[in-house]
Each structure stands twice: as C-alpha cells, then as structure tokens.
Amino acid sequence: KFGSVLGVRGACLHEAAMAAAAALVPFAGAAGSGRPPTRMRPLPSGQAEADFKAEQAGLSAYGVELTDNHLDGYSYKPDRLKADDRQNIKPWEVSLSQQMDNMLGPIVPRQTPENWTHTDFLFEVRDGIAYCTMNRPAANNAMNDSFSAGWRDAIAILKSRPDIRIAVLTGNGRMFCAGGDPKSFQAAQAAAGAISQGGQDAGPTVPDGAMIAGAAHTLELTSSTRGKDAMAANMARDFFEWASLPQFTVALLNGSAMGGGVGLVCCCDMAVAVKTAHVTLSEVKLGVIPAMISPYVIRTIGAANAKKLFVTAENCSMPQAKEYGMIQRIVNDASEFPAVVKEIAQKIRACAPGAVSLAKRTIVNCLNQPMSASLMNYTADAYVKSRKGEECEEGMKAVANKTKPPWFESIIDVKET
C-alpha cells in the first residue's frame, strides 16, 4: 500500500519499518520472528489497531509520518485491518429463516387445508404428498396478492408437516406462471381511490372512510418506499422458504414460465415440463431485472447461462433448459405427469424424511461458502446429528434384520390424473 503513496523509496521504507515494528509487536511471519511467513487471517479490531500503531511507529523512525486516516479513500485495505470474519453470522449459526422471522415476523398460516378458501392458489393434502396449484388461468397464473397469500399459507403448513414427503407445484390453464401481475398495483391504487378503475388519476374525488380503512394497508404496501421494501422482502422470503422446504419439491410445468415463474421452477428440487413449454426472463425489456429470483436461477443454471437469459430475454426451449440443468425431464403433455410423480414417490418413499430435510438444509447452508474451520465443524456436526438420530438407528436395525425401515411403510398417495 505504501508503494502507491511514497513510490519505490516508500516501499523500501515500509520493509524496514515492518522489521522495526516487529520488535515492538511480533506477529506471524514478521521479520526477525524466526517463523516462516504465513498469510494472516483478519485480526480482531483491537489487535489490528495495535499492529497498525506498530507500523506507524516503525515508519516514524525513518522520518515518514502516517496519519491515522491515511487509508481513507482506497478501495483496498490490508486484511488485518478488516473486521474479524468470525463476526459474520453463518447460515448454520442462525438460519436465514430465523433472521427473516426476526426482521419481518414469523410466517403463520391463516388457513388450514380443511378450510382452504384461497381460490387463486389451491392446496390439497393427501397421504404423504401435497399438491399446490396456481389457479389464475385467465391471467396465465400471474402472481398477485391473493396468489401470494395462498402460496405463503401453503409454505407455512408444509414447514410444519414432516408427514408430507413430496410437494408438487403446477398450474391450471395454458401457462405454468407468467410471473408478477402488473395489474395488481393498479388495482390496489384504484381500491384506495388514488386512480380511477381505468388507470388514470382520479382527480379530486375523495374516497369514503370505509374505503380508506379497507385499502390503506394495501396502498401502503404498494405505493410507499417502506411498503415496497416490505412487500419485496416478503416476496423474497417466500421464494427462499419454498426453496428450503423439508419436502422434496417438484415443479410440473404444464406450460411456459416467465419472470417469477422461472424463479419458482428454480426453487424446486426437480422440474418436469411439457415439450412445448418455454422459459423467458424478459424483465430487461421493461427496464427492470429479475433480482429476487436471481440467486435461485444462478445456482440452478450457472452464471454464464443466467447472463444469457437475463440479458437477451430470449425464449429458452425445454431441450435448452434441460441442457442448462433447469429442467430434469421433458414429457409430451401433462397427462404423463402422474406417472412421473409416482416414479418419484417410489424413490422418496425409501428415503428417511428427516434425512431428506437435513440433506437439503446442508446443501443450502454450504452453497458458495468458502472452506473454513467453521464450515468443516458444521458439516461434521450435521453428520453426527444424523448418525446419532432415531432414523439412523431404525435404518441400521432394518438392514440388520433384513426388513424395510418404518418410513418405507408410509403411503404416498399420488393422484392418478
């Protein structure tokens, strides 16, 4: 860093200053320490401050005075002056779900499968399997407030139902999901009297008290900066929670997917599609980007393929999507879906549900994490937890007795049509 400030002479002075500073505050690999040089990990703030003061004093002995803020404005700073990496919260220390609950409040289902009234997002629970069906065929299953409310309730229920082994997501009509519904924002404004039903300014008309009371919260969530932030955060959490469900999730693409619909596909553990479907991320044509779904799309198809789809907004065919890794299986039409789900159910039935859940959580937690002692300890603890668990004990007994484990006996009642 000093070479850029003082030139070659400064760099040489820095070498000498470090040797002088070593006599004041020895550190790993310092000149004269008797130890080979090693790359230091970030130091705690107190130790980093002491280390810098030692450098400052060493350079002062050679007539070079450094101010305390001499690094301000530089994009690079030495690792030892950065915050201790141990201060960063790891996903296995405090789960992202818990962090979001702390920020937004926990997801609490407002309905149960028995009294389900969400018409835009259907939810059916059978033995060992749940069917989630996007049901806005006239709007190509675009995601609006009613859709999101049903989806969120389904997520909350699934999180608390370990007896459900598989969660299927599909749509009614000709499309799987067209993404976000641009009409829902206008509808919220119209409901609050901010604009007319035709989408134009409503003029001086003042809505009555009942209308204000019923629509104020919706308008706040769709108009104000704070409301937009909260709504975006809730939507982002919905994608994450679906991707983190304990069940094995399967997307059945009855048709094409666009925008957020592509995110739904990438949030599932497996995707099966009819051969005529396409996936499209056309947000850039509207001057926006598919930001909320980007973590799931990128981790599913990789950065290079994501760039191609994000930036060109081209229609991606099912063979191409399969090559990218977004789709695992292509069928002729939706009539083949039940046979595929039945095949999946036979495989999942042989797997311990708790182990499936833990395996999924471990994958999510390890994703893109650098190798570290903390990560290795986490994976070791995850293995020990599964190895000492009741499921492992039952599985080992089944092997020894040449019998099937208890979870194999549970039914997964797949629909025939």
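**Entry 1: ground rules**

Two strands count as paired if DSSP finds at least two bridges between them. Helices (H or I, at least four residues) and strands (E, at least two) are DSSP runs, numbered from the N terminus. I am working with a predicted model, where local features need pLDDT of at least 70, side-chain atom pairs count only at pLDDT 80 or more, and totals for chains, interfaces and linings use all residues. Residues are numbered from 1 along each chain as its sequence is written, and side-chain values use heavy atoms, with hydrogens and water left out.

**Entry 2: the six-stranded sheet**

I started with strand 1 and strand 2, which run antiparallel and are joined by six bridges. Which residue in strand 2 stands opposite Glu124? I found Tyr131 there. The two strands form a hairpin with two residues between them, and Gly128 in the turn has a positive phi of about 80°.

I then followed the whole sheet: it is open, has six strands in the order 1-2-3-5-7-10, and its pairing is mixed. At its edges I noted strand 1 (121-126) and strand 10 (329-331), each of which pairs on one side only. Neighbouring strands here are turned by 20° against each other on average, direction ignored; for such angles, axes are lines fitted to C-alpha atoms, for helices over the stretch in contact, and angles run from 0 to 180 degrees between N-to-C directions.

At the strand 10 end, I saw that strand 7 (residues 270-274) pairs with strand 10 in the parallel sense, over three bridges. Val274 has Val331 of strand 10 as its bridge partner.

**Entry 3: helices on that sheet**

Next I looked for helices in contact with the strands (contact means heavy atoms within 4.5 Å). Helix 12 (residues 337-349) packs on the sheet and touches strand 2, strand 3, strand 5, strand 7 and strand 10. The direction of helix 12 makes about 170° with that of strand 5. Helix 8 (residues 260-267) lies across strand 2 (129-134), strand 3 (166-171), strand 5 (248-253) and strand 7, and runs at about 140° to strand 5.

**Entry 4: the four-stranded sheet**

I met helix 8 again here, lying across strand 4, strand 6 and strand 8, at about 110° to strand 6. These strands belong to an open sheet of four strands, ordered 4-6-8-9, with mixed pairing. Why is one side of strand 4 (175-177) and of strand 9 left without a neighbour in the sheet? Both stand at the edges and each has a single partner strand, so one side stays without a neighbour.

Further in, I checked strand 6 (residues 256-258) and strand 8 (residues 278-280), which run parallel and are joined by two bridges. Met258 stands opposite Thr280 in strand 8.

**Entry 5: a pocket**

I turned to the second largest pocket, which has a volume of about 690 Å³. On a 1 Å grid over the protein atoms alone, a pocket is an open set of points where a 1.4 Å probe fits, with protein on both sides within 12 Å along at least five of seven lines, and lining residues have an atom within 4 Å of a point. Grid points are joined across faces, edges and corners, and the volume is the space filled by probe spheres set on the points.

The lining has 27 residues, and Leu96, Phe240, Ser244, Val364 and Asn365 lie nearest the centre. Helix 3 (96-104), helix 7 (225-243), helix 9 (294-301) and helix 13 (353-366) are the elements giving two or more residues to the lining. Which helix gives the largest share? Helix 13 does, with five residues.

**Entry 6: single residues**

Buried or exposed was my next check (buried means under 20% relative accessible area, exposed over 50%, partly exposed in between, with a 1.4 Å probe and protein chains only).

- Asp101 is found in helix 3 and is buried at 18%; I saw that Asp101 touches Pro106, Ile107 and Arg237, not counting residues up to four places away in sequence.
- Ala304 lies in helix 10 (residues 303-312) and counts as exposed at 60%.
- Ala313 sits in the loop between helix 10 and strand 9 (316-317), is buried at 6%, and has a positive phi near 60°.
- Lys402 is in the loop between helix 15 (390-401) and helix 16 (406-409), is exposed at 77%, and has a positive phi near 55°.

I added a reminder that most residues other than glycine have a negative phi.
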